[in-house]
Amino acid sequence: MTAADPFEAIKGVFFQECEELLGDLESGLLAMETGAADDETVNAVFRAVHSVKGGAGAFGLDDLVRFAHVFETLLDEIRSGRKPCDDVTVKTLLRAADVLADHVAAARGQGAPVDPARSAGLVAELETLTHGDAPVAAPVVQAPEPEADEFGFQPVVFDMAAFEPAPAAVEAEAEVGRWRVVFHPHSQMYAKANETGLLLRELSRLGPVAVTLDQSALPDLAELEPEVSCLSWAIEVETSAGETAVREVFDFVEADCDLSVRPAQDAATVTEAAPAEPELDIAALLARAGVEAAAPEPVLAPAPVPATPELAAPAPFAAQPAAPATPTPVTIRVDLERVDRLINVVGELVIQQAMLAQRVSESGLIRSSGVTAGLEDLELLTREIQDSVMAIRAQPVKSVFQRMPRLVREVADMTGKKVRLITEGEATEVDKTVVERLAEPITHMIRNAIDHGLETPDDRLAVGKPAEGVVRMVALHRSGRIVIEISDDGRGINRSRVRGIAEERGLIAADAALTDDEVDNLIFLPGFSTADAVSDISGRGVGMDVVRRSIQSLGGRISISSTPGKGSIFTLSLPLTLAVLDGMVVTAADQTLVTPLTAIVESLTPRTEDVHHVGGHDPVIRFREQFVPLIDIGVAMGFRDAPLTPGTGVAMVVETESGARAALLVDAIQGQRQVVIKSLETNYRHVEGVAAATILGDGRVALILDVDGIIANARRKSARPDFKLAS
Amino acid sequence: MSDTSANAPARELIAFRIGDQEFCVDIMSVREIRGWTPATPLPRAPGFVKGVINLRGAVLPIIDLGARLGLTTSEPTARHVIMVASIGGRSVGLLVDAVSDIIQLTDEAVQATPEVASEQVRAFVKGIFAIEGRMVSLLELEWLVPDTEAEAA
């Protein structure tokens, strides 16, 4: 208690684990709902809740423990087969998972405390389901809550109790199988206070076992390292419970041991082929003791300590084709701050490398010299380091995708539509921040797709489509960006209505000539909403303009293509990272500036006759039947007083996040480049019209233009033409 | 080089020239001294902010100290010097004509700023002292950064 810091740190890890567990819980439950679940899924769901409970107990989070306990009790009934898992039950379980997540969030200090009534209501529901039509089911023995010790949430003890009823329940059915288990614990397993004896005893509950001790790896006493594990066991178990049940015994030690479970017939040859077992009498003794007493601990006594050296261990094991249990990827948890520091340093390395390359080329070294070749290698390596470092921050979009099935069900229920969600490319990776900030826009788009895109089942049948609509969500990498497509097979965009609304709201002129694409894109304009009646689902005063803004704030683009009667496809394209930016390097008044590529619609060379002046000043330029303000960047940034003479320079037509367009006049465009974003605020302060800075290959700082800021500023200035900014 | 009386705890100051005047700051606040490199000008910055330069990947604002003190505005050349100082957690480059000396000094040797100096100078000068017949002004760096002060202007 006094050692607050390590305790808090462990608690932090617990909450991180909770996030993962809740994710597993949800996806498991969803699989159960669609009927794609097997026994292992149900077990995984149970384990997730159980682990949350175990950890919560260690930290004295009583509300969480109480709720998780009731939840877990029902799940235990289901997984043991005493309680059927029907549709109603799964729906309740899904809602319970929601409340559990709320409890976790509340315990973490995020979000409001859980509404006690809601929680209690669900507890009652869960209890009814548990006891209701299964009166015989004895309440599951609740595990003693783990002590708040260093290993706080190792919920090992409970599992023993939970497995007890299992053999009884399944004994009658299914034929008896023989399984050969080869188990070699690592030292860490003992360090976490697990014991082989207990595991073997647990295994013996599944059916008669024959245990063989393999102590061939045991070194001489003189070389014995008391805390290193080198004993292993081969166990043959006869059980009707199946492989899953056998594996489950080792569930909590899986990461800390080599485990193989195979049908005994297969393994028979292996046994013969492994004459490495020298102490046959001991093995026999062990086997007998294992069967009789189901408590091999006393037998273990002859061995000096249960944990012994590992030095020679690989040898006998190499002889056995024992496949490693499940190849779980090894992961570590690292502070995000450390990763970001690394990313910063690598960013500097990239710049430094570019500078060095430029200096060398300026110094006039011949191309074939060793220096140039070395520099090229250095560049390749630097890029590789940069990519690898960026990959550390990358996360699969799965965390966002897996929230959507629930949303789809809820919206489908509310609208009375039938919807099937298909997701693809969940493993596609993108920067963590991007993943986090994608959830909201995607949620909104899925809602829209169901609410506005899909027809009601009757309407669908009437036009010859299946009653069930399909919403498809696909993530993929395309040319250095992540692309997310959300499509539906609904009615598509009703162009005449969209147009009507846009005219009505004064968003476009009544006689504007617009292509189909342009009409479709009107839905991104601020304040546009196509729902006939403001519905509960998507009519919340926010429209696609908000979606577009949040995508653009991530440096992304959104577009729509729609076919009447066939459906619509929304395409999001986002950068893989926020640390670098695709920019257009331009020159204005001798200054090198970078314009974010995402803002640029198109660039053009204005002719003198294209430029007009509204009211004598305020130049505008004609761009595709539309007049947009022409802003001289050199003047706007205060680098020169007089604008470029008409007919010179290049204009970039840019679009702000709010959809406003303007043309930025610069002297010349140098080219497209990926730049590392550097903050001006760190050592200085925010500068109007400047989003950030970057460092170019020549080592100079270049400013990244804040397109929105510049346009807003120009608008303010032209509104008050006599107002001069002090410079 | 200058020595002061032995017993009092001496602190080290770094002295530099702007025009014909000599100033000094606490050596602990100076991170490094480097030659002038062309700065990228910032839009609508106060006149004493020369722009920003790249200091090993960090964006460093450059303040023309002479202009900041209301003395001279110099067009920087390769002979000018940038003192990289840490002021209130930020790194700032101070453009001066030349670094002249490292001085060890006790607090007693510093006199209050005479009433004759201009308001602007008195805002930054903590005190003055004489050394080998020269007059050196001790600067207070905290007020130099164009933060809220400049934003209000």
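1. Let me start with the helix crossing in chain A that caught my eye: α15(A) and α16(A) cross in a left-handed sense. This is a predicted model, so please read every value here as computed from it. Helix α15 spans residues 336–362 of chain A and helix α16 spans residues 370–393, and the two pack at an angle of about 160° with their axes 10 Å apart. Angles over 145 degrees count as roughly antiparallel, and α15(A) and α16(A) are therefore roughly antiparallel to each other.

2. The residues behind that packing are worth a look on your screen. From α15(A) the contact includes Val339(A), Leu342(A), Ile343(A), Val346(A) and Leu349(A), while α16(A) contributes, among others, Val371(A), Leu375(A), Leu378(A), Ile385(A) and Val389(A). Gln353(A) of α15(A) takes part too, as do Glu379(A) and Arg393(A) of α16(A). By class, the contact of these helices has 15 nonpolar, four polar and two charged residues.

3. Stepping back to chain A as a whole, you will find 25 helices and 22 strands. Of its 727 residues, 36% count as buried. Among the contacts in chain A with a separation of 6 or more, 71% are between residues 24 or more positions apart.

4. One strand of chain A to pick out is β2(A), residues 209–214, which is mostly covered, with five of its six residues buried. Strand β2(A) runs antiparallel to β3(A), residues 232–239, and six bridges join them. If you would like a landmark in this pair, Thr212(A) stands opposite Ala234(A) in β3(A).

5. Now to where the chains meet. The contact takes 26 residues from chain A and 19 from chain B. On the chain B side, the elements giving two or more residues are β4 (49–55), β5 (58–64) and β7 (90–96). The largest share of that side comes from β5(B), with four residues. By class, the chain B side has 10 nonpolar, four polar and five charged residues.

6. Chain B also holds an open sheet of five strands, in the order β8-β1-β2-β10-β9 and with mixed pairing. Strands β8 (98–105) and β9 (125–131) of chain B stand at the edges, each with a single partner strand, so one side of each has no neighbour in the sheet. From one strand to the next, the twist averages 30°.

7. Within that sheet, β1(B), residues 11–18, and β2(B), residues 21–26, pair in the antiparallel sense over six bridges. A handy place to check the register is Ile18(B), whose bridge partner in β2(B) is Gln21(B).

Note on methods:
Residues are numbered from 1 along each chain as its sequence is written. Chains are lettered from A and ligands numbered from 1 in the order in which they are written. This is a predicted model: local features need pLDDT of at least 70, side-chain atom pairs count only at pLDDT 80 or more; totals for chains, interfaces and linings use all residues. A residue is buried if 20 or more other C-beta atoms lie within 10 Å of its own, exposed if 12 or fewer, and partly exposed in between; C-beta atoms are placed from the backbone. Two residues are in contact if their C-beta atoms, placed from the backbone, lie within 7 Å. Two strands pair if DSSP finds at least two bridges between them. Ala, Val, Leu, Ile, Met, Phe, Trp, Tyr, Cys and Pro count as nonpolar, Asp, Glu, Lys and Arg as charged, and the others, Gly among them, as polar. Axes are lines fitted to C-alpha atoms, for helices over the stretch in contact, and angles run from 0 to 180 degrees between N-to-C directions. Angles under 35 degrees count as roughly parallel, over 145 as roughly antiparallel, 65 to 115 as roughly perpendicular and the rest as oblique. A crossing is left-handed if the near helix is turned anticlockwise from the far one by less than a right angle, and right-handed if clockwise.
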